[in-house]
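Here are a few short exercises to work through with the structure open beside you. Try each task on your own before reading its solution.

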Amino acid sequence: MSRKSNLDALFGARPLQKPQAAPEPPAPEPEAFAAANPSQAEAEFAAANPRAPDRSRSGPVRAMSSTLRGLAARADAAAEIESGTVVVEIEPERIDDSFIADRVADASDPGLAALVESIRESGQQVPILVRPHPEAPERYQVAYGRRRIQAARQLAQPVRAVVRPLTDAELVVAQGKENLERQDLSYIERAFFALRLEEHGFPRATITAAMGVGKGDLSTLISVARTVPAEIVRAIGPAPAAGRPRWMLLADRIKAAEAHRIAGLLTDPGFRAKPTNERFAAVLNALAPPAAKRPAPQIWSDEAGRGIARIERTPDRVALSFDESLEPGLADYVLDRLPEILAAYRAGRSRT
């Protein structure tokens, strides 16, 4: 068998007819071709690169991975809480008042009962704002939302809150801004809030930012708070219907009055049972200056002793009246001659 026939037999191909002029190239022996091209190449490749066995994590490794994921999730949640981007639930007993009080306690506050019922029926819709307590771990200080905390206490449920790491200045500014926007602080509460901020050492710029007022109004607020004693404010309560003019009037009356004039009033059970606005009115009236005594009216009588005219005098007015039943037409006669009487009066004064 020729070499060409051997190749055809090796590859299983049919022999091809080639021109006789072309010389046939030499071909290797079948044994040499087979040795140069082994038929089991895949097996040699597999032997040089063995397949890695399937890996399965052990129990401790899985537990550690789960722990790390949990720690990362808690760290992310803590970062969100510290930045104030999430709302959390906190037991009311863990929340303390702000270091600057902005409320006057009122045991008869009718709005608190309505707030309790609203939260009972619809839940707490607006979260409060707190900061981590600077001195007590695991506790908080409220910036605003004190009445919502009171309602949550009555309902024995946690309060929804945003937690932010506020400085003292940021806390009082947030506290004042919220009260300004909600418009639920009375004038005297705002006055004492301003006074407490000043006594705490905050600069006027911070106080005006927290109060949302100008320098002149701030001075008036602080002046009223300095004049009205705190015990009187506690006895009266917030008195939301009494605005700036009436509180300024009360401050003026307190300056001129003696303290004992209202001491008995403040301790009277009947006074304490009144609503806060009525308590304010009672104190304001109790400190009113006594009315000036009017002199007794004079009676002018004719020669027969009949009291025809009555004269009543006050510091700036004189009233003259006539008894028409005794002397009909006398009043009209006097009125008609008032120009003559006035001219004669002025002429007499000019000669003196």
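**Exercise 1.** Decide whether strand β3 (residues 128-132) is largely enclosed or not, then find its pairing partners.

*Solution.* Keep in mind that this is a predicted model.
- Step 1: Count the buried residues, where buried means under 20% relative accessible area. In β3, 4 of the 5 residues pass, so the strand is largely enclosed by the rest of the structure.
- Step 2: Look at strand β5 (residues 159-163), which pairs with β3 in the parallel sense over 3 bridges. Within this pairing, V130 has V163 of β5 as its bridge partner.
- Step 3: Turn to strand β4 (residues 140-144), where the pairing with β3 is antiparallel and runs over 4 bridges. Here Y144 of β4 stands opposite L129.

**Exercise 2.** Work out which residues touch the most other members of the largest nonpolar core, and which helices supply it.

*Solution.*
- Step 1: The core holds 40 residues, and W247, L250 and V283 have the most contacts with other members.
- Step 2: At least two residues come from each of α8 (187-199), α9 (204-211), α10 (215-227), α11 (230-236), α12 (244-256), α13 (260-267) and α15 (276-286). The biggest share, 8 residues, is from α8.
- Step 3: Zoom in on V283. Setting aside neighbours within four places in sequence, V283 contacts I232, I236, L250, I262, L265, L266 and F271.
- Step 4: Now look away from this core to find another one, of 11 residues, which lies apart from it and includes I90, V130, Y140 and I149.

**Exercise 3.** Determine whether A239 is buried or exposed, and find what it touches.

*Solution.*
- Step 1: Locate A239 in the loop between α11 and α12.
- Step 2: Check its relative accessible area, which is 0%, so A239 is buried.
- Step 3: List its contacts, leaving out residues up to four places away in sequence: S186, W247, T276, N277 and F280.
- Step 4: Compare positions along the chain and in space. A239 and A281 are 42 residues apart along the chain, and 9.2 Å separates their C-alpha atoms.

**Exercise 4.** Classify L338 by its accessibility and name the surface patch it belongs to.

*Solution.*
- Step 1: Find L338 in helix α17 (residues 338-351).
- Step 2: Read its relative accessible area, 40%, which makes L338 partly exposed.
- Step 3: Add its companions. Together with L335 and I341, L338 forms a nonpolar patch on the surface, with about 270 Å² of accessible area in total.

Technical notes
Residues numbered from 1 in each chain as written. Predicted model: local features only at pLDDT ≥ 70, side-chain atom pairs only at ≥ 80, totals over all residues. Heavy atoms only, no water. Buried < 20%, exposed > 50% of the residue type's maximum accessible area, 1.4 Å probe, protein only. Pairing = 2+ DSSP bridges. Patch = residues over 30% accessible without salt bridge, like charges linked within 9 Å, V, L, I, M, F, W, Y side chains within 5 Å. Areas by Shrake-Rupley, 256 points an atom, 1.4 Å probe, with all protein chains shown as cover. Salt bridge = Lys/Arg side-chain N within 4 Å of Asp/Glu carboxyl O. Core = buried A, V, L, I, M, F, W, Y, C linked by side-chain atoms within 4.5 Å. Contact = heavy atoms within 4.5 Å.
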